[in-house]
Every structure is written in C-alpha cells, then in structure tokens.
Amino acid sequence: VTAISFLVMLITMAVNIVVALYESRKGRELNSEFLAADAKHTQSDILVSLSVIIGLVFYRLGYHRADAIVGIVIVVLIGKIGFDILRHASDILVDTVRIDTASIEDVVNSVDGVKGCHGIRTRGTASSIFLDLHILVDSSISVEDAHAIADKVESALKAGFHSVADIVVHIEPVE
C-alpha cells in the first residue's frame with residue numbers, strides 16, 4: 001500500500017465520475033436507455049474504486065479484515081444496480097406496454113370516419129415506440145377512403161404521442 005496505489009485509484013475514480021456524469025446527461029438528452037444503463041454500470045465502477053480506496057486506508061491503519069467487509073457492502077450495492085438495469089431492460093425485451101391504450105383509443109376515435117378500434121399494441125423504448133392497432137371503418141367506403149382515414153389516424157397519433165416511431169394501422173370493415 002503506497003501513495004501511488006491511492007493516486008491510481010483516485011485518478012481511476014475521477015475518470016469514471018466524469019464518464020458517468022457525461023453518459024447520464026447524454027442519456028437524458030437523447031432519451032437513450034443504453035447510455036442510462038451504461039452510466040449506472042460506470043457508477044458501479046466508481047463504487048469498486050471507492051471500496052479499494054477504503055480498503056487501502058483500513059489496511060494501512062492495521063484493520064486487515066475491513067477490506068472484506070467493504071467488499072461485501074460494495075457487492076450488495078453493485079447487485080442492486082445490476083438488478084435495476086436488468087429490470088429496466090426486461091421491460092423492453094418483453095414488450096411492456098408503453099402508452100395507455102385508453103389514451104390511444106381517445107385519439108383514434110376522434111378521427112372522422114373511425115367507428116372504433118381494438119387490438120392496440122405498443123412496444124419499444126420510451127423514446128422509440130412502435131404501435132399497431134385495428135380500426136373499424138364503414139364497409140361501404142372505398143379502399144382509397146379507408147386508407148385516407150388510416151393516414152389521418154397515423155397523423156393524429158404521431159401528433160399526440162411524439163415518441164411513436166412507427167404505426168401499423170389494420171383496417172376492418174364494419175356494417
């Protein structure tokens with residue numbers, strides 16, 4: 001345990017703090033789940049560096065078992081960060097609903113020519129949502145008119161929900 005040991009750990013920790021702050025800020029600006037998750041991962045690196053510094057201090061003071069105790073505390077903290085990252089990632093991987101279907105129904109049903117909607121599905125990330133749904137239109141209108149209604153539904157949804165990246169509208173005739 002030397003002064004260089006402390007210096008190396010402090011420099012490592014300082015670099016990780018700068019990287020974590022930058023990734024966190026950019027993650028919020030760009031609405032990027034990847035950057036936010038990597039910022040949390042970098043924060044765990046900061047905890048590891050901090051634990052090494054604390055361990056070095058206690059070792060230097062003659063408390064040789066303190067290093068193991070600090071290590072256990074850090075393992076628990078890193079485990080919590082890992083769990084949070086996995087929980088958030090699993091929402092994306094299992095297609096968690098991104099927009100309340102009742103809100104979507106309100107927008108869709110306000111479009112002229114729509115008689116109803118169902119089969120609404122949303123998935124993706126908070127900044128890039130994919131939406132598909134079925135709309136009911138009068139069976140006596142032309143395909144061209146039905147398509148125009150679908151275009152209006154897409155426009156209304158994109159105006160109402162800015163994070164929607166793609167919409168698939170399935171048209172169904174209704175008597």
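**Group meeting talk: two helices and a core**

Let's start with one residue. A20 is found in helix α1, which covers residues 3-30. Keep in mind that this is a predicted model.

Is A20 buried or exposed? A20 has a relative accessibility of 5%, so A20 counts as buried, the cut-off being under 20%. What does A20 touch? Leave aside the neighbours within four places in sequence. Then A20 is in contact with A39, T42, Q43 and I46. There is a distance to look at here too. A20 and A36 are 16 residues apart along the chain. Their C-alpha atoms are separated by 9.0 Å.

Now move along the helix. N16 is also found in α1. N16 has a relative accessible area of 15%, so N16 is buried too. Its contacts, again without neighbours up to four places away, are T42, D45, I46 and S49. So T42 and I46 turn up for A20 and for N16.

One more residue from this helix. S24 is found in α1 as well. Is S24 buried or partly exposed? The relative accessible area of S24 is 22%, which means partly exposed, because buried stops at under 20%. S24 and V73 are 49 residues apart in sequence. In space they are 24 Å apart, C-alpha to C-alpha.

Next, α1 as a whole. How long should α1 be? At 1.5 Å a residue, its 28 residues should span 40 Å. Its end C-alpha atoms are 40 Å apart, so the two values agree. Which residues of α1 are buried? They are F6, M9, M13, N16, A20, E23 and G27. And what do these buried residues pack against? They pack against α2. Just after α1 comes N31, with a positive phi of about 55°.

That brings us to the partner. Helix α2 runs over residues 33-60 and has 28 residues. From its first C-alpha to its last, α2 reaches 41 Å. That is close to the 40 Å expected at 1.5 Å a residue. Several residues of α2 are buried, among them A39, T42, I46, S49 and I53. Others on that list include E33, L35, G55 and L56. After α2 comes G62, and its phi is positive, near 100°.

How do we describe such a pair? Two packed helices are described by the angle between their axes and the distance between the axes. Here are both values. α1 and α2 pack at an angle of about 160°. Their axes are 8 Å apart. Angles over 145 degrees count as roughly antiparallel, so α1 and α2 are roughly antiparallel to each other. Their crossing is left-handed.

Look at the pair from the α2 side. I53 is found in α2. At 12% relative accessibility, I53 counts as buried. Which residues does I53 touch, beyond those up to four places away in sequence? They are F6, M9, L10 and M13. Take F6. I53 and F6 are 47 residues apart in sequence. Their C-alpha atoms are 6.5 Å apart in space.

Now the nonpolar cores. In soluble globular proteins, nonpolar side chains tend to be buried together. The largest nonpolar core in this model has 22 residues. Those with the most contacts inside it are I104, V108, L133, I135, V153 and L157. Where do the core residues come from? Helices α4 (101-109) and α5 (143-160) each supply at least two. So do the strands β1 (114-125), β2 (128-138) and β3 (164-174). A second, separate core has seven residues, including F6, M9, M13 and L56.

Let's zoom in on L133. Leaving out residues up to four places away in sequence, its contacts include V108, L157 and I167. C117, I120 and V169 are among them too.

Last stop: a second helix pair. The axes of α4 and α5 come within 9 Å and cross at roughly 130°. That makes α4 oblique to α5. α4 passes α5 in a right-handed crossing. Which residues meet there? I104, V107 and V108 come from α4. V153, A156 and L157 come from α5.

To recap the two pairs. α1 and α2 are roughly antiparallel, and their crossing is left-handed. α4 is oblique to α5, and that crossing is right-handed.

Terms used
Residues numbered from 1 in each chain as written. Predicted model: local features only at pLDDT ≥ 70, side-chain atom pairs only at ≥ 80, totals over all residues. Heavy atoms only, no water. Core = buried A, V, L, I, M, F, W, Y, C linked by side-chain atoms within 4.5 Å. Buried < 20%, exposed > 50% of the residue type's maximum accessible area, 1.4 Å probe, protein only. Helix = DSSP H or I, 4+ residues; strand = E, 2+ residues; numbered from the N terminus. Contact = heavy atoms within 4.5 Å. Expected span 1.5 Å × (residues − 1). Axes fitted to C-alpha atoms, helices over the stretch in contact; angles between N-to-C directions. Parallel < 35°, antiparallel > 145°, perpendicular 65-115°, else oblique. Left-handed = near helix turned anticlockwise from the far one by under 90°.
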